[in-house]
Each structure stands twice: as C-alpha cells, then as structure tokens.
Amino acid sequence: MTTKDMDALERLPIIPLRALVIFPAQTSVFDVARANSILALEHAMSADKRVFLVAQRDSTIEKPHIEDLFTVGTVAKIKQIVRHPDGVLRVLVGGERRAILADMLEQGEFSVGKIAPMITQPLEDINLNHAHARVLRKLVKDASRSLDSLSNETAGMISGERDAIAMADMAAAHILNAFEDRQEILECCNELERLNLLEQKLSNEIQISQLEKEIQGRVHETIDKNNKDYFLREQIRVIHEELGDDEDSELERYRKRLDSLPINDAARKIIEREMRKISHMAPGSPETSVAMNYIEYVLDLPWGKYTTERFSLEQARKVLDEEHYGLEDVKKRILEYLAVLSIKGDLKGPVLCFVGPPGVGKTSIARSVAQALGRKFARVSLGGVHDEAEIRGHRRTYIGSMPGCIISSIRQADAMDPVILFDEIDKMAHDMRGDPASAMLEVLDSEQNCSFVDHYIEAPFDLSKVLFIATANALDEIPSALRDRMEIIEVPSYTYEEKLQIAKRHLAPKQMSENGLNGNQIRFQDAGLAEIIDGYTREAGVRELERLLGSVCRKVAVSIADGNTQRSTITKKNVVTYLGARRYTRQDVEKTPETGVVNALAWTSVGGETMPIEVAVMPGGGHIDLTGRLGDVMKESARTAYSYIRSRADDFKIAGDFHKNNDLHIHMPEGAVPKDGPSAGVALTCAMLSAITGAPARQDVAMTGEVTLRGKVLPIGGVKEKLMAAYRMGIENILLPEENSKDLEQIPTDIRDRLNVKTIRNVDQAIDYVLMR
C-alpha cells in the first residue's frame with residue numbers, strides 16, 4: 001500500500017479489548033477502565049461515535065502497541081455510555097463491519113488507527129447458504145442441550161436468523177468458549193471457509209461437553225454423592241485419564257524424583273506407600289498435607305550425594321597451623337587420624353572427642369578438620385538436650401513431628417559425608433522422656449550407624465561416611481558406654497606465651513575487622529596485650545581475652561567518631577584507661593615459712609588453680625571441721641591424711657592423746673567455689689602435720705598427689721594445667737607424684753626449664769622437703 005493510499009485510510013479511535021471479540025451486526029456490552037481508552041471513547045462521542053475494537057494478543061499488557069494487537073478487528077458505533085461511581089465506563093456498542101488495522105498513531109493520550117476495509121470473498125450460492133444455515137441450526141440446537149452456558153432464548157435468536165453468514169457471527173459470539181477460536185472466525189475473509197471452520201469448532205465444543213458429562217456420570221457412579229471433596233478429586237482424576245495428561249501433578253513429580261534418586265529399598269517402599277495413600281485422600285485434608293511434607297523431606301535428603309574430597313596431609317597441616325596456634329599434640333593426633341582415613345578410605349574407627357576447658361578452640365578445631373578435608377560442616381549443640389526424640393526424631397503420629405538433629409544436620413549439609421560436631425556432649429541430661437546418651441550409642445558406633453533409623457523417616461539411613469567429632473569440658477560427665485565409643489583427645493589450656501601469640505595473630509585482627517578499624521587507627525603493643533592477659537583474665541582459653549580486646553576496639557571507635565585522627569597505641573601503661581583497674585594482681589610468693597599453711601594445686605573445668613590449705617589446731621575433743629565447700633572425696637582425703645599422721649604419731653613426736661584433747665579445723669579459701677577430688681592428699685598431710693607439730697611450712701612450694709593410709713603417693717590428672725597455674729603464680733618449686741613424671745613432656749620446654757619439679761613416691765619425701773623441722 002502506497003503512502004497516498006495510507007493517508008486516504010479512515011482514522012478511528014482504538015479501544016484495545018482483553019480476551020473479548022466483537023462481531024459485526026452484534027450488540028455488545030463491555031467495561032472500559034483504562035484512562036487512554038476512556039479518552040478515546042470521549043473523543044469518539046464528540047465526533048461520529050465510531051470506534052475500532054480490536055483484541056490484544058496478551059491481555060496483561062497495560063499500554064499495547066500495534067504489535068501487541070491482532071490485525072483484524074471490528075468497526076463499531078457507540079450506542080450508550082454509562083459512567084459508574086468508580087470511574088469505569090460501561091459501553092453499549094453495535095458492530096458494523098470487519099476491518100484491518102493498517103497503522104497506529106498516538107493522538108495525545110489515546111491511540112488512533114488507520115483502518116483499511118477487509119476484502120471478503122462472499123458466498124454467492126444461495127442454496128449452499130441455505131444448506132449451511134440448516135447445519136448451523138442443528139448444531140445450535142445440539143449445543144443448547146449440551147452447554148449449560150447457552151440459554152434457550154439465545155439459541156432461538158441465533159436459529160431465527162435466515163442468512164448463514166449472519167448466523168455464523170452470532171453463533172461464534174455466543175457459543176465458542178475459547179477467545180482464540182472467536183478471533184480466528186473474525187479473521188476469516190472467505191465466507192465459505194468461515195462457515196466450515198465454525199461448524200468444525202461447534203462440533204468440537206459439543207463433543208467436549210458431552211464427554212465432560214459422561215465423565216461426571218462415571219464419577220457419580222463411583223463416589224458418595226454427599227462427599228463433595230471426594231467428588232472433585234475423582235472428577236479431576238477421570239479428566240486426567242481421558243486427556244492422558246498428568247505430567248504436572250504433584251504425585252508424578254514425586255515419582256520422577258524417586259526414580260532419579262539412589263534411595264534404598266526400604267525408604268522407596270515407604271514413599272510409594274505414602275503416595276498411594278495420597279491418591280485416595282481428599283485434596284487439602286490435613287492427612288494429605290502431612291504425607292506430602294514427609295515425602296518432600298525424605299526426597300530432599302542427599303541420597304547418594306558425596307563430597308569430592310581434596311585431601312592432602314600437607315594442606316591439612318597448613319589449615320590447622322593457620323587457624324590454631326600451639327596445641328601441637330592435638331594437631332599431631334588429628335593429622336595421624338586423617339592420614340589413616342586417607343589410606344583406608346573409610347571411617348570405621350573411633351570417634352574423636354576433644355576434651356578441655358571452655359575457650360581453648362575445640363569447636364574451631366572441628367571446623368578446621370572439615371575445611372582440611374573439603375567437606376561440609378554441621379554443628380549440633382547437645383547442651384541441655386534431655387529428650388531422646390531430639391536425637392532420633394519424633395514419630396509421625398504426633399502433631400508437629402519432625403526429624404532428629406542427626407537427619408536435620410545431614411539435610412542441612414546436603415551431603416552424605418559431612419563433618420558433624422556434637423558440641424558439649426557432656427551436658428546432655430535425661431528424664432522420663434528418655435536418655436539421649438543411649439540414643440547416641442548407635443550413632444557413634446561404626447558397626448551400627450550404617451543403618452540408622454530416625455523415628456520420623458522410618459527408614460534406614462547410612463551414616464557410615466559421616467565424620468563425627470564431639471567436644472566436652474569434663475570427661476567424668478560422659479556415660480562410660482558412650483565414652484568407650486570415642487577416642488579422647490585432651491585439649492589443654494593455653495600458656496601465657498600461647499595466649500600472647502593468639503591475641504597477636506588472630507584475636508586482635510579479628511576484633512579490629514569486626515569493629516571497622518585498621519592498622520592506621522589502632523595498634524596493640526606486645527606489652528599491652530601481655531598486661532590485658534595478666535591483669536584482666538584468669539581463664540584456660542581466650543574467650544574473655546577476645547571480649548576485652550573487642551571492648552578496647554569499641555572505645556577506640558568511639559574516639560575516632562568524636563574526631564580523633566591520631567592512631568591509638570595500646571601499651572602496658574594506658575590499658576587501664578580502656579579497661580579500668582586491674583582485676584587480678586599477681587601475689588608475690590611468701591618468702592617466710594608459715595605454720596599450718598601449704599599451697600596445693602587443683603584442676604578445674606576452666607584450667608588449673610593454686611589453692612592454699614589452712615589448718616588450725618585448738619583445744620577440744622578430737623573433732624575435725626572441714627570448710628570451704630569440700631566434696632565427699634576431698635573430705636575422705638583429709639580423714640585419710642589425718643589417720644596416716646596418727647598412725648605415725650611416735651615418728652612425728654606427737655603426744656599419744658593429742659587426737660582426744662584437740663580439734664582440727666581445715667579450711668580452703670574461696671568458700672563459695674565447690675572443691676573435690678583426691679589430689680590434695682599430699683598438701684593436706686603437710687598442712688595438718690605443720691599445724692600439729694608447729695613446724696613452719698615453705699611457701700615457695702606447691703604440691704599435688706593422692707595419699708594412701710600407708711603414705712604412698714598416687715598419680716593424678718591435669719598435670720599440665722596445675723603446673724601452668726603454679727607458673728602463673730610465680731611458684732617454681734613443684735612436688736609431683738613420680739608416676740606423673742611422663743606428663744612433664746606436655747609442658748612447653750621454656751616453661752619446664754623455669755620450674756623445679758621434684759617427683760615423690762611417698763608423703764615422707766614431701767614432708768621432709770616442705771616442713772622445716
């Protein structure tokens with residue numbers, strides 16, 4: 001078409017229609033809400049009231065362009081417009097003729113189309129016209145019986161039309177359901193082809209409607225008429241059977257996932273059983289939701305999914321050294337374990353259990369092991385767990401049931417072979433709901449955990465490839481059967497030098513980064529860090545030290561926010577301005593011997609401590625008072641030591657009736673802190689004998705060891721922590737059971753060289769060394 005021809009075309013306001021087709025010679029009503037369409041109507045009303053109605057290809061487009069509209073539409077005349085209170089216009093139009101949208105122009109806020117007449121190939125054979133009219137009347141009559149949407153009045157109006165072409169447009173407008181079918185009839189320019197096409201589509205509509213009624217009839221025969229939910233489900237099922245289309249159903253999706261997973265036979269049977277149950281349940285019922293949640297959870301487990309290990313012993317050593325300073329024995333044992341693992345290729349062996357005071361890095365060591373192996377890491381906190389169901393899961397008979405922490409961790413890690421850390425395994429409790437420690441026996445047993453059954457999953461799950469690591473503060477709190485399944489690796493408390501290096505290399509940079517500081521704004525001198533360690537912390541680990549460094553960084557951040565641009569240097573002298581007065585002062589070792597007082601060495605869950613033991617003698621009737629919150633074992637040690645002294649009264653030149661005429665009061669300071677254990681036997685013996693005989697006791701000596709009634713000194717535990725405590729207090733002379741001499745290898749060489757450790761086999765050696773008789 002030439003430019004001149006285009007200019008000669010009729011121009012009409014365009015009203016885009018959504019899923020609506022207007023036919024010629026038809027009166028139609030529709031609503032208009034879009035602002036540009038309202039303006040187009042107002043423009044048409046001010047002119048000849050004629051508009052071009054054309055359907056959108058995509059009804060979601062708010063402002064369609066020419067490519068978004070169909071080519072063929074209808075020229076219509078506006079008969080009436082009614083404005084609703086909400087601004088929407090209800091329009092009554094009468095269709096006039098088919099037309100083609102040749103071009104689309106913008107005229108202000110609305111669109112105007114260049115409209116070309118649609119050249120139609122007419123049906124000139126009158127007899128053929130009458131024949132098609134009869135066919136259409138019969139199809140309309142059949143449709144009125146099959147389609148509930150076609151009323152008898154409308155069918156009569158259509159059948160009353162004598163011309164087949166006009167009847168076709170009316171039938172298409174009122175009977176065809178699909179918007180695309182109506183648009184196809186509108187676009188057909190050959191009248192004979194239009195009639196044939198319409199008759200075919202009407203026949204399809206009637207057949208589909210009849211088939212639908214047959215399906216509904218079969219459904220009514222198989223279900224209870226009063227069960228509406230069941231009726232709807234069966235109707236959908238039969239429709240799917242007739243159409244052969246169930247690809248998008250949830251059950252089909254589950255079946256596809258199930259077929260693609262290397263799931264074990266037991267779990268597969270359970271899932272298939274659940275899917276069969278769902279197929280017989282009413283949609284939307286609570287039971288259906290529970291069953292579908294179960295299937296989703298089981299299918300989401302990482303069946304057959306393993307991490308590709310990139311294990312290298314050199315890389316593992318590098319990771320451990322970078323993340324942890326010191327702990328050489330611990331890292332050596334971990335590397336041995338990993339080396340065996342890399343050679344054997346399986347994990348059938350003891351589970352590692354790191355035992356040590358809080359804050360020494362047990363949890364971070366486990367995370368480093370996962371990093372060294374290139375495996376996923378999951379942490380399970382067992383502190384306060386007292387219900388077996390938290391380990392094994394809840395049975396699905398309970399409302400709100402869920403899997404246990406083992407399966408949950410596997411799903412979280414999304415791998416069959418993660419590193420799972422059982423944190424604080426010694427803090428588990430038990431009550432009437434079960435004993436979680438007993439449930440852990442199967443998990444940590446390499447001969448049984450290949451078929452671990454969670455109560456929620458109800459199917460065996462292979463845990464044999466999982467690397468389990470546990471942490472604990474106190475070994476005595478772990479049940480013996482559970483302890484037997486683990487290899488204990490003691491993580492000792494840090495030495496003063498180790499804390500200093502950890503603070504320099506890890507804690508200070510970490511706190512600077514977390515508080516938005518850099519090296520140009522703050523600097524920690526070694527002397528400043530040493531002052532914080534020595535004067536503000538008394539711990540085996542470094543948690544309090546990290547908190548204090550964070551406090552210093554925050555105060556520096558406040559100073560910077562106030563406008564201070566100079567770098568803050570933390571020195572030994574100015575630590576007090578950031579943290580206040582020293583919390584702990586180092587007490588000088590008493591040079592002068594005292595009567596009835598000796599220094600004992602004790603082990604606590606936070607490290608070693610020096611503990612003075614005081615004994616006073618007074619007239620009385622042979623009574624012994626024990627104060628300072630002493631446990632039963634320590635009280636028995638005190639009675640054992642006293643009995644030993646009485647048995648050798650002549651050797652110590654003690655009067656035979658001393659025990660009848662005198663009382664003893666044994667006290668251990670810091671009375672609010674519970675104390676227990678047999679390792680104070682040597683110190684109790686020396687303190688009582690000093691008080692009874694009046695012989696002064698050296699105050700530059702600290703001692704530990706259990707004493708028998710025959711005076712033998714037995715070995716004790718916690719040697720490293722105890723000796724480190726003595727070193728911190730400046731006590732260099734140590735009495736240690738002879739059988740503990742092998743434990744001296746755990747002490748760093750530089751500290752061991754500064755201590756004078758004397759090993760003893762019996763308590764007489766301690767008495768001779770400590771008492772000045």
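A residue is called buried when its relative accessible area is under 20%, exposed when that value is over 50%, and partly exposed in between. With these words in hand the reader can walk through the structure, bearing in mind that this is a predicted model.

A first stop is Asp31, which has 42% relative accessibility and therefore counts as partly exposed. Its partner in a salt bridge is Arg90, with 2.8 Å between the closest N and O atoms. Since Asp31 belongs to strand S2 and Arg90 to strand S5, the pair ties together parts that stand 59 residues apart in sequence. Arg90, at 39% relative accessibility, is likewise partly exposed. Side chains of opposite charge can pair when their charged atoms come close.

Strands S2 and S5 also appear in the surroundings of helix H2, which runs over residues 35-46. This helix has twelve residues and reaches 17 Å from its first C-alpha to its last, close to the 16 Å expected at 1.5 Å a residue. Its buried residues are Ser37, Ile38, Ala40, Leu41 and Ala44. They cover an arc of only 160° around the axis, and so they are placed on the same side of H2. On the other side of the helix, Ala35 and Ser46 are exposed. The buried residues of H2 pack against several strands, including strand S1 (10-17), strand S3 (50-55), strand S4 (72-83) and strand S6 (110-117).

From there the path leads to the nonpolar interior. The largest nonpolar core has 53 residues, and those with the most contacts inside it are Phe422, Ile425 and Leu444. Helix H11, which spans residues 286-300, gives the most to this core, with six residues. Once neighbours within four places in sequence are left aside, Leu444 is in contact with Val351, Phe422, Ile425, Phe468, Leu482, Arg485 and Met486. Apart from this core lies another, of 51 residues, among them Ala372, Leu373, Leu467 and Tyr494.

Charged pairs occur elsewhere in the model too, and the count of salt bridges comes to 38. In one of them the side chains of Lys427 and Asp426 meet, at 3.2 Å from N to O. Lys427, with 34% relative accessibility, counts as partly exposed, whereas Asp426, at 6%, counts as buried. Another salt bridge is formed by Arg648 and Asp651, whose closest N and O atoms are 3.0 Å apart, and here Arg648 is partly exposed at 22% relative accessibility. Salt bridges that share partners, moreover, join Glu10, Asp48, Arg50, Glu96 and Arg97 into one network.

The last stop is Thr704, a residue in the loop between strand S20 (701-703) and strand S21 (706-707). Because its relative accessibility is 1%, Thr704 counts as buried. The side chain of Thr704 has a polar atom that lies 3.4 Å from the backbone oxygen of Ser679, and a polar contact of 3.1 Å joins this side chain to that of Lys722. When neighbours within four places in sequence are left aside, Thr704 is in contact with Ser679 and Lys722 and also with Leu601, Val682, Ile716, Leu735, Leu736 and Pro737.

Definitions and conventions:
Residues numbered from 1 in each chain as written. Predicted model: local features only at pLDDT ≥ 70, side-chain atom pairs only at ≥ 80, totals over all residues. Heavy atoms only, no water. Helix = DSSP H or I, 4+ residues; strand = E, 2+ residues; numbered from the N terminus. Buried < 20%, exposed > 50% of the residue type's maximum accessible area, 1.4 Å probe, protein only. Polar contact = N/O pair within 3.5 Å; in protein donor to acceptor, adjacent residues only side chain to side chain. Contact = heavy atoms within 4.5 Å. Expected span 1.5 Å × (residues − 1). Arc of directions from axis to C-beta. Core = buried A, V, L, I, M, F, W, Y, C linked by side-chain atoms within 4.5 Å. Salt bridge = Lys/Arg side-chain N within 4 Å of Asp/Glu carboxyl O.
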